[in-house]
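Visitor: Could you take me through one part of this model at close range, and show me how it sits among its surroundings? I would enjoy a connected account rather than a list.

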Amino acid sequence: MNPVLSQEEIDALMAGMQSGEIDVAVLEEKEQVKIKQYDFRRPVRLSKEYISTLTMVFEEYAKISENLLTTQLQSSVSMDLKSIEQVSFDEFLHSVPYFTMMGVFHANPQPGIQIVELNPQICFQLVEIMCGSADEASFTKEVTKTYFTEIERAILEDIIQQFGVAFQNAWRDIADMDVALDSMETNSQLIQSISPNEPVSLITFEIELLGNTSFLNLCIPYIFYESMLEKLSFRNWFHSGKEADASDQDHLEKSLQAVELNVEVTLGKTELSLENFLQLELGDIVPLQKRTSDPLILSIEKQPYYLVKPGILEDQMAVEVLQDIGGNQD
């Protein structure tokens with residue numbers, strides 16, 4: 001209900017309307033109820049809170065995929081999340097070209113499938129890079145082929161597998177999954193495992209590779225999220241109230257034990273002029289700034305941690321730890 005106005009307020013309002021200080025048309029516009037259109041054929045299943053969590057997950061997915069592709073291709077790859085939309089599966093199929101490359105995955109124990117779609121332009125670019133080409137000019141040509149050879153499909157399968165690895169790792173903090181590639185399709189109309197009216201989330205990424213920009217689409221049906229909607233909530237994800245117990249500590253320790261570290265032992269240091277360095281020959285003796293009786297320094301990841309004594313163990317060079325210096329000495 002509107003509040004009751006006093007006589008003074010009514011008089012002030014009437015005076016403002018007569019003098020033109022208050023626009024009646026604006027007041028009538030404000031009183032109109034704003035109606036937001038809702039398409040029942042495209043129901044919004046995921047709230048803004050869930051979309052915010054998914055944004056974090058798929059930003060992590062983009063980073064992991066970027067690193068995996070950079071390592072595999074030996075070329076710099078940039079991958080950024082562009083949008084997350086809720087559409088029907090039929091709309092997704094109509095948004096991709098007739099000839100494309102689609103990897104169909106499943107993530108046990110979650111229901112449904114996941115589809116990674118790459119357009120042919122970047123697919124042929126990926127094949128050329130894997131075959132040794134690094135000529136950026138060759139990647140600007142328009143694609144005229146309408147098929148992939150068996151060799152090209154085999155190369156692309158190895159690359160698309162990496163998107164499954166990235167998907168599994170991106171969800172590891174929310175749910176444990178075993179992601180596997182089921183098939184690869186070049187015609188989107190051949191995928192019949194999802195109903196046309198099934199709601200799906202369409203996640204679009206931008207990929208930049210050797211100066212060329214393309215897009216990758218990730219299609220995930222709503223049923224994939226149903227069993228873990230509560231875990232997508234910020235409140236449950238970050239404030240679950242669960243305290244670390246002994247099993248968590250053991251798991252962390254076991255995970256850290258497999259981490260490889262670079263260990264170095266410094267025999268000594270010295271300074272040489274460039275002239276003397278250029279004149280070094282086989283058999284020359286370079287004095288170091290250490291006595292033979294002084295202990296050596298053992299460094300872990302460039303940080304000094306122990307004083308050690310050199311020796312031989314079973315015909316191999318070895319060191320004996322003498323003192324822990326805690327990694328805080330030069």
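**A guided look**

Guide: Let us start on the outside: Leu274 counts as exposed, because its relative accessibility is 61% and the cut-off for exposed is over 50%. Please keep in mind that this is a predicted model. Leu274 belongs to helix H10, which covers residues 274-278. Leu274 also helps to make a nonpolar surface patch of about 770 Å², together with Leu267, Leu272, Phe277, Leu278, Leu280, Val286 and Leu288. For the chain as a whole, the exposed area is about 22,300 Å², with 51% of it supplied by carbon and sulfur atoms.

Now for the part I would like to show you closely, helix H5 and its surroundings. The protein chain has 10 helices and 10 strands, and 32% of its 330 residues are buried. Helix H5 spans residues 120-130 and is mostly covered, with 8 of its 11 residues buried. Those buried residues are Pro120, Ile122, Cys123, Phe124, Gln125, Leu126, Val127 and Ile129. What lies over them? The cover includes helix H6 (150-170) and helix H3, along with strands S2 (99-108), S3 (113-118), S5 (199-209) and S6.

Both ends of H5 have a detail to look at. At its start, a side-chain oxygen of Asn119 comes to within 3.1 Å of the backbone nitrogen of Gln121. After the helix comes Gly132, with a positive phi near 110°.

Asn119 also leads us to strand S6, one of the elements covering H5. S6 runs over residues 212-221 and contains Ser214. The side chains of Ser214 and Asn119 are joined by a polar contact of 2.5 Å. Leaving aside residues up to four places away in sequence, Ser214 touches Asn119, Ile122, Phe205, Glu206 and Ile207. Of these, Ile122 is among the buried residues of H5. Ser214 is itself buried, because its relative accessible area is 7% and the limit for buried is under 20%. Another pairing to trace is Ser214 with Met79: they stand 135 residues apart in sequence, yet their C-alpha atoms are 9.6 Å apart in space. On the scale of the chain, among contacts between residues at least 6 apart in sequence, 65% join residues at least 24 apart.

From here we can turn to the aromatic rings, of which the structure holds 13 pairs. In one of them, the ring centres of Phe58 and Tyr61 are 6.3 Å apart and the planes meet at 80°, so the pair is edge-to-face. Both residues lie in helix H3 (residues 48-73), 3 residues apart, or about one turn of the helix. Phe58 and Tyr61 are both buried. Phe224 and Tyr225 make another edge-to-face pair, with 5.3 Å from centre to centre and 85° between the planes. These two residues, Phe224 and Tyr225, are buried as well.

How do these pairs come together? Phe58, Tyr61, Phe224 and Tyr225 belong to one aromatic cluster, which also takes in Phe167, Trp171 and Phe205. Phe205 brings us back to Ser214, which touches it. H3, the helix that holds Phe58 and Tyr61, is also part of what covers the buried residues of H5. If you want a route through the model, begin at Asn119 at the start of H5, cross by the polar contact to Ser214, step on to Phe205, and finish in the aromatic cluster.

Methods:
Residues numbered from 1 in each chain as written. Predicted model: local features only at pLDDT ≥ 70, side-chain atom pairs only at ≥ 80, totals over all residues. Heavy atoms only, no water. Helix = DSSP H or I, 4+ residues; strand = E, 2+ residues; numbered from the N terminus. Buried < 20%, exposed > 50% of the residue type's maximum accessible area, 1.4 Å probe, protein only. Contact = heavy atoms within 4.5 Å. Polar contact = N/O pair within 3.5 Å; in protein donor to acceptor, adjacent residues only side chain to side chain. Patch = residues over 30% accessible without salt bridge, like charges linked within 9 Å, V, L, I, M, F, W, Y side chains within 5 Å. Areas by Shrake-Rupley, 256 points an atom, 1.4 Å probe, with all protein chains shown as cover. Salt bridge = Lys/Arg side-chain N within 4 Å of Asp/Glu carboxyl O. Phe/Tyr/Trp six-rings, centres within 6.5 Å; stacked < 30°, edge-to-face > 60°.
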